[in-house]
Amino acid sequence: MDLSNFTTLQNLEAAFGGESMANRKYLFFAEVARQLGFSDLAKLFKETADQETEHAFAHFKLLHPELVVENAAALTDEQKREIISRCLSLAIEGETYEYTTMYPEFAADAQRDAYGGQSQRDNPAAEEFLKQVQESTDHANTFREAAHRFGLLKFIENYHADRYTEALEVLNGGQTATRVAGEDPKTRKWICRQCSMIYDPVAGDPDSGIAPGTPFEEIPDDWECPICGASKKTFKPFEEKVAA
């Protein structure tokens with residue numbers, strides 16, 4: 001397909017994004033319906049989500065025909081590596097954009113929204129004013145939570161990009177990096193097995209009441225992952241690369 005028509009390219013990207021969003025939204029609705037006891041509606045949402053996935057895949061195949069596999073058995077090992085290498089490259093590109101640009105900008109925007117376009121330091125009266133207006137307070141709390149979440153997601157996407165980069169290097173003949181968990185509780189990081197949120201004891205989690213310098217072992221047992229809400233026991237020691 002000729003994608004030289006820029007409008008068509010943009011429309012395909014928008015359609016892929018829309019169908020992808022619909023898939024996740026309907027899966028969320030399916031879970032809500034399941035929890036509320038509407039099993040038939042849960043099934044309907046799940047079936048529709050699967051259909052939206054097929055729509056998204058159809059759009060993505062037009063955007064990236066080089067990734068379409070018609071007959072894997074007919075491909076040489078080199079062709080297979082080339083295709084999966086392209087997948088990894090696109091994954092790295094996406095994750096890198098998220099942690100270097102998207103989430104940092106989202107976090108900054110959320111902070112500005114929380115304080116009426118000004119920083120908290122530049123407008124000390126903003127916090128008091130927001131407390132007096134319930135609707136504004138609710139908005140500010142939402143924006144602060146979003147800023148906190150975007151800030152955490154930046155590190156998660158960095159981690160994802162790093163793992164994809166390593167996988168690409170191994171695919172091209174490199175060696176798997178050696179990773180070990182830190183030994184000092186004061187600096188040892190922990191990672192959520194459910195969403196990959198990384199807890200750094202040096203930074204703590206102030207927005208959740210965990211002061212900087214708090215080792216993971218000293219966090220209250222009822223603390224939850226600020227990204228996905230998983231319990232503390234869902235975390236495991238984060239293994240970092242050993243310098244060559």
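The questions and answers below follow one residue, T214, and its surroundings in this model.

This is a predicted model, in which local features need pLDDT of at least 70 and side-chain atom pairs count only at pLDDT 80 or more, while totals for chains, interfaces and linings use all residues. Residues are numbered from 1 along each chain as its sequence is written, and side-chain values use heavy atoms, with hydrogens and water left out.

Me: Is T214 buried or exposed?
Reply: T214 lies in the loop between β3 (198-199) and β4 (235-237), where strands are DSSP runs of E with at least two residues and helices are runs of H or I with at least four, numbered from the N terminus. Buried means under 20% relative accessible area, exposed over 50%, and partly exposed in between, with a 1.4 Å probe and protein chains only. Because its relative accessible area is 15%, T214 is buried.

Me: Which residues does T214 touch, not counting residues up to four places away in sequence?
Reply: Contact means heavy atoms within 4.5 Å. With residues up to four places away in sequence not counted, T214 touches Y199, P201 and I219.

Me: Which residue stands opposite W190 in β3?
Reply: Two strands pair if DSSP finds at least two bridges between them, and β2 and β3 pair in the antiparallel sense over two bridges. The open sheet of three strands has the order β3-β2-β4. Opposite W190, in β3, stands Y199.

Me: Why is one side of β3 and of β4 left without a neighbour in the sheet?
Reply: Strands of a sheet pair through backbone hydrogen bonds, either parallel or antiparallel. β3 and β4 each have a single partner strand, so one side of each is left without a neighbour, because both stand at the edges.
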